[in-house]
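Dear colleague,

I am passing on the structure below, and after it you will find my notes on a few side-chain arrangements that I looked at. Please read them with the coordinates open beside you.

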Amino acid sequence: MSSLLLKNVHAVDIGTDKVCDIFISDGIIRKIGESIFCDCDKEIDCSGLTAMPALFDMHVHFRDPGLTYKEDIVTGCNAALAGGFTGVACMSNTKPVVDSAQTVDYIINKSKNSGVSVYPVGCITAGLKGEELCDYKMLKAAGAVAVSDDGRPVESQTMLRNGMIAAEDAGLLTISHCEDLKIIGKGIINKGKISEALGVEGMDRSSEDSITAREIMTAASTGCRIHIAHVSTKGSVDIIRNAKKQGIKVTCETCPHYVMLTDEKLLSRDADYRMNPPLREEEDRLAVIEGICDGTIDCIVTDHAPHSPEEKSDFLKAPNGIVGLETSLAATLTGLYHTGKINLEKLIGLMSVKPRKILGLPIETITVGAKANIVLADLDKEWTVDPEKFKSKGRNTAFKGMTLKGKPVGTISNGEIKYFEK
């Protein structure tokens with residue numbers, strides 16, 4: 001393997017904050033210090049750039065197998081690298097769904113040599129049908145790191161309870177998509193003033209809150225872990241906060257769009273602002289930020305969900321979901337770091353350390369002897385989001401046309417420069 005010297009870089013990690021040189025060879029960080037001079041294959045002057053441990057997104061949809069006109073594992077990995085990620089966990093609602101060892105093997109094998117470690121999330125129930133549990137030990141042996149019926153809830157609490165116990169026994173995390181389908185009905189956006197103004201059916205926040213409470217009570221009674229996906233409401237944040245105070249084994253995630261945007265974006269009748277859970281109201285946005293700041297919310301993910309332009313062209317009929325890998329760090333820097341709500345160490349915890357820790361994966365660090373998995377970012381670079389420049393096949397971003405401050409400009413995976421913005 002080649003060697004690489006990063007000169008004059010601002011290295012930030014948990015407990016580290018200094019300008020230094022970083023020498024990498026054979027995929028390992030060999031030296032960190034001032035004025036390192038040595039023979040190497042490539043030297044980069046990183047003046048003005050910040051090096052952080054590479055990011056990890058524990059909630060993405062790569063649409064592969066079966067829906068590759070939206071995204072595939074190769075383009076998904078390219079989008080991840082452009083966003084500063086060297087690891088992702090991809091959800092189970094592909095076609096076929098991830099309920100067999102063969103599908104897990106397919107995903108892992110197709111991602112090899114991409115520079116991104118792709119960890120499949122298996123199904124809780126076979127075929128995502130909610131009728132019978134999957135073989136979790138088989139999924140674990142094949143390489144899955146968690147189970148989820150993401151895209152829909154497990155409607156039966158008994159099924160969910162039995163699944164949590166079996167998953168825990170197999171060493172897999174249970175991730176819950178919290179949504180009561182009976183409450184949701186035919187709703188397509190948040191239920192409130194905006195849905196009324198548009199004359200469309202809304203998705204009441206009690207749908208998310210009630211299932212969040214159900215999952216947490218199930219975790220409390222079984223002693224199992226539960227991870228709540230894409231938290232979007234004030235109610236869910238409060239429920240999770242109280243559960244953590246009681247020592248219940250619950251973790252959770254949110255997304256940059258719930259930090260930055262509200263359902264007022266839907267007044268444009270543009271389906272690129274439709275996702276599930278939907279954009280909520282200002283009180284929810286502020287509650288999500290508070291939950292991030294006080295540690296209630298453990299990590300920031302994207303819920304990267306590509307769709308074709310044709311699918312997103314009809315506001316009422318479009319599928320839910322937006323892409324997010326290439327804007328996640330920038331949006332988090334813009335909405336949380338540059339507003340003074342979190343520092344870089346907290347950001348690293350949210351986007352690198354915690355998601356890996358929750359899934360039981362090795363933590364990336366910028367220390368001598370560690371694997372060289374690093375994101376290089378220009379924290380002050382202002383840029384306008386242009387979906388046509390994305391590496392992802394998806395163009396359905398809620399941040400299109402927005403000016404963000406901060407940008408990943410390089411991603412190093414196992415010592416190799418896998419992405420670098422010239």
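To begin with the charges that sit over rings, and bearing in mind that this is a predicted model, the charged end of K7 is placed over the ring of F37, at 4.3 Å from the centre of that ring. A further case is K407, which lies over the face of W383 with a distance of 4.6 Å to the ring centre.

Turning to rings that pair with each other, the count comes to one aromatic pair. This pair is formed by F56 and Y119, whose ring centres are 5.9 Å apart and whose planes make an angle of 40°, so that the arrangement is classed as tilted, since that angle falls between the limits of 30 degrees for stacked and 60 for edge-to-face. Because F56 belongs to strand β6 (residues 55–60) and Y119 to strand β8 (residues 117–122), the pair ties together parts that are 63 residues apart in sequence. As for their surroundings, F56 counts as buried, with a relative accessibility of 1%, whereas Y119, at 23%, is partly exposed.

The last site is S114, which is found in the loop between α2 (101–111) and β8. S114 has a relative accessibility of 16% and therefore counts as buried, the limit being 20%. Its side chain reaches the backbone nitrogen of V116 at 3.0 Å, and, if neighbours within four places in sequence are left aside, S114 is in contact with C77, L81 and K418.

With best wishes

Technical notes. Residues are numbered from 1 along each chain as its sequence is written. This is a predicted model: local features need pLDDT of at least 70, side-chain atom pairs count only at pLDDT 80 or more; totals for chains, interfaces and linings use all residues. Side-chain values use heavy atoms; hydrogens and water are left out. Rings of Phe, Tyr and Trp (its six-membered ring) pair if their centres lie within 6.5 Å; planes under 30 degrees apart count as stacked, over 60 as edge-to-face and the rest as tilted. Helices (H or I, at least four residues) and strands (E, at least two) are DSSP runs, numbered from the N terminus. Buried means under 20% relative accessible area, exposed over 50%, partly exposed in between (1.4 Å probe, protein chains only). A charge sits over a ring if NZ of Lys or CZ of Arg is within 6 Å of the ring centre and within 35 degrees of the ring normal. A polar contact is a pair of N or O atoms within 3.5 Å; within protein, one must be able to donate a hydrogen and the other to accept it, and residues adjacent in sequence count only if both atoms are side-chain atoms. Contact means heavy atoms within 4.5 Å.
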